[in-house]
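Trainee: Could you take one part of this structure and go through it slowly with me? I would like a close look rather than a general tour.

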Amino acid sequence: MYCKCGKEGFYLRRHSGEILCKKCFIRSIEKTIHKTIKREKLFEPNDKIMIALSGGKDSLTLLYVLSKRKYGSEIFAVTIDEGVSGYREEGISIAKKMVEKLGIKHYIFTFKEFYGYSLEELYELAFSKKIGLLGCTFCGILRRRLLNEAALKLGATKVATGHNLDDEAQTVFINLIRGDVSRLIRLGIKPLKYREGFIPRVKPLRYIPEKEIAIYAYLMGFPLYERECPYVRASLRDEIRDILNQIENRHPGTKFAMIRTVDKLTQLLKDKICEIKYCIKCGSPSGKDICRTCQILSMLGICKN
Ligand code: SF4
Ligand code: ZN
């Protein structure tokens with residue numbers, strides 16, 4: 001097994017049949033990200049780019065690769081501290097080390113400051129009210145809102161997130177199961193339409209499998225999380241992750257095919273379904289009359305609006 005450069009291969013990219021040595025593997029990941037950014041026109045020269053930096057392998061890869069080229073007029077990173085003691089500190093410390101090394105400005109926004117409650121406190125509240133909240137789904141909705149608020153506050157014109165191919169394929173599957181066509185076709189690499197009050201989110205890692213990002217992060221020596229969040233629970237996404245990995249193992253290229261199918265559907269349907277609404281409670285852009293953040297906060301009895 002030899003790489004095309006002549007060196008001994010260390011990775012077989014099953015969906016394409018390529019054999020790569022370590023150096024060519026690293027180069028191919030970085031090249032894919034830069035090519036994706038160029039092809040999809042993700043950034044403009046005057047963009048102020050905010051990187052959502054959790055401290056996990058995906059966001060570290062994104063930050064590192066973007067910092068190596070001149071994208072936009074400014075790049076900075078934001079970490080959301082949900083407030084999970086014994087877990088989040090590790091990610092924040094990894095994020096801090098990385099931004100220091102790369103000389104990138106870094107801001108931290110906390111659930112506690114914005115919502116008045118940490119994630120732990122929100123769970124206690126939900127428990128006392130006998131409300132069954134779904135681990136990462138619930139947390140993710142609140143984190144996305146806070147990221148948007150941070151972007152507005154810091155004057156960002158784009159938010160770059162570390163969503164990879166696996167994340168995206170899982171979301172495609174979830175939306176198919178739920179019959180949510182509108183969300184399915186809005187799942188692109190960048191927003192279909194620009195909505196006031198919502199800073200556009202772009203996903204430069206969308207065409208890179210999770211496994212390859214993990215290998216890249218390992219080869220680059222990025223510090224990696226050792227602990228697991230106590231609120232991670234078995235979810236539909238976990239089941240779908242297993243199913244998709246099984247199918248991908250037997251039929252390499254399945255995840256890419258799913259994403260490409262959705263990209264085509266998006267092009268076909270984009271003018272028909274994209275209705276822009278604003279939440280009647282908080283005024284944020286929303287697919288429904290009441291946004292999901294307000295739905296959660298109302299359920300917990302802490303909605304400010
Ligand atoms: Fe939130 Fe899930 Fe991350 Fe824990 S693992 S902080 S619940 S998104
Ligand atoms: Zn709302």
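**A close look at the zinc site**

Mentor: Cys291 and Cys294 are both buried, and they make a good starting point in this model, which is a predicted one. For Cys291 the relative accessible area is 4%, and because buried means under 20%, this residue falls in that class. Cys282, by contrast, has a relative accessible area of 26%, and it is therefore described as partly exposed, the class between 20% and 50%.

What coordinates the zinc ion (ligand 2)? The SG atoms of Cys279, Cys282, Cys291 and Cys294 do so, at 2.3 Å. Along the sequence, these donor residues of the zinc ion (ligand 2) follow the spacing C-x2-C-x8-C-x2-C. Seen from the zinc ion (ligand 2), the four donor atoms subtend angles of 105 to 113°, and the arrangement is tetrahedral because four donors count as such if all angles lie between 85 and 135 degrees. As for disulfides, the structure holds zero of them.

To place this site beside the rest of the model, consider the nonpolar cores. The largest nonpolar core has 52 residues, and those that touch the most other members are Phe43, Ile51, Leu63, Leu66, Ala160 and Tyr216. Leaving aside residues up to four places away in sequence, Ile51 touches Leu62, Leu63, Leu66, Ile75, Phe76, Ala77, Val78 and Ala160. There is also a second, separate core of 33 residues, and among its members are Cys139, Ile199, Cys229 and Ile302.

Conventions
Residues are numbered from 1 along each chain as its sequence is written. Chains are lettered from A and ligands numbered from 1 in the order in which they are written. This is a predicted model: local features need pLDDT of at least 70, side-chain atom pairs count only at pLDDT 80 or more; totals for chains, interfaces and linings use all residues. Side-chain values use heavy atoms; hydrogens and water are left out. A nonpolar core is a set of buried Ala, Val, Leu, Ile, Met, Phe, Trp, Tyr and Cys residues joined through side-chain atoms within 4.5 Å. Buried means under 20% relative accessible area, exposed over 50%, partly exposed in between (1.4 Å probe, protein chains only). Contact means heavy atoms within 4.5 Å. A disulfide is a pair of cysteine sulfur atoms within 2.5 Å. Donors are N, O and S atoms within 2.8 Å of the metal (3.2 Å for Na, K and Ca); water is not among the atoms, so sites may look incomplete. Four donors count as tetrahedral if all angles lie between 85 and 135 degrees; four count as square planar and six as octahedral if opposite donors are over 155 degrees apart and all others between 65 and 115; anything else is irregular.
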